[in-house]
Amino acid sequence: MSYIAELRKYVGQRPIINIGATIIVTNDKNELLLNLRSDTGTWGIIGGGLELGESLEETAARELWEEAGLKAERFELLDVLSGKELFFRYPNGDETYTVIVLYKAVGVSGVPRINDDESSRLEYFSVNALPELENRAEYVINRIKGKII
């Protein structure tokens, strides 16, 4: 059971602070890999919560594999984001304020494929033609648009 799932047993749906790694993956056309979230039906960026005893780089590697079937040679730290803009209410009512440690995956290998039940699709998009984004993904992309992608 994940750390957050275990924590939810005690706090219920009340807001918590969730620290996690979010990973920017681009292809040779500088398009951004997004995942269609199975819980909200909106598009998001690969990433997830830190587990107990895990480094943020280990979280990034695990999430990149779980959500996209990809591996990276390394992760380049881009930014640390937090604040009210990163509040999120899951469809089940759980509330969280996310602290995003944002990485760019460098030396990516593999073919994107879904390895978990959190996504229903993976697709690369131009930053000038993005689909409907989950609010945290939109915030992140607006922060890095023109700088990284």
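Hi everyone, let me begin with charge: the mean positions of the 17 positive and 24 negative charges of the chain are 3 Å apart. Here Lys and Arg count as positive and Asp and Glu as negative, with His and the chain ends not counted, and each charge is placed at NZ of Lys, CZ of Arg, CG of Asp or CD of Glu.

A quick word on what you are looking at. This is a predicted model, where local features need pLDDT of at least 70 and side-chain atom pairs count only at pLDDT 80 or more, while totals for chains, interfaces and linings use all residues. Residues are numbered from 1 along each chain as its sequence is written, and side-chain values use heavy atoms, with hydrogens and water left out.

Now the overall layout. The chain has 3 helices and 8 strands; these are DSSP runs numbered from the N terminus, with helices being H or I of at least four residues and strands E of at least two. Reading from the N terminus, the order is α-β-β-β-β-α-β-β-β-β-α. The radius of gyration is 15 Å, close to the 15 Å that the globule rule gives for 149 residues, so the chain is as compact as a globular protein of that length. That radius is taken over C-alpha atoms, and the rule is 2.2 Å times the number of residues to the power 0.38. Along its principal axes, the C-alpha trace spans about 45 × 30 × 25 Å.

How much of the chain counts as buried? Of the 149 residues, 42% do, where buried means under 20% relative accessible area, exposed means over 50%, and partly exposed is in between (1.4 Å probe, protein chains only). Among contacts (heavy atoms within 4.5 Å) between residues at least 6 apart in sequence, 70% join residues at least 24 apart.

Let's move to helix α2, residues 56–68, where we find T59. T59 counts as buried, at 0% relative accessibility. Its side chain makes a polar contact of 2.7 Å with that of E54. By polar contact I mean a pair of N or O atoms within 3.5 Å; within protein, one must be able to donate a hydrogen and the other to accept it, and residues adjacent in sequence count only if both atoms are side-chain atoms. A60 lies in α2 as well, and A60 is buried, again with 0% relative accessible area. Beyond its neighbours within four places in sequence, A60 contacts A21, I23, F75 and Y103.

Next, helix α3, residues 135–144. Which of its residues are buried? They are R136, A137, Y139, V140, I141 and I144. The buried residues of α3 pack against several strands, including β1 (16–24), β5 (74–81) and β7 (95–106). At the N-terminal end of α3, E134 acts as a cap, with a side-chain oxygen 2.8 Å from the backbone nitrogen of R136. Just after the helix, G146 has a positive phi of about 85°.

Finally, two loop residues. N30 sits between β1 and β2, and has a positive phi near 65° although N30 is not a glycine. N30 is partly exposed, at 36% relative accessible area. T42, in the loop between β2 and β3, is buried at 10%. The side chains of T42 and T40 share a polar contact of 2.6 Å. Leaving out residues up to four places away in sequence, T42 touches N35, L36, R37, E132, L133 and E134; that last one is the residue capping α3. Thanks for listening!
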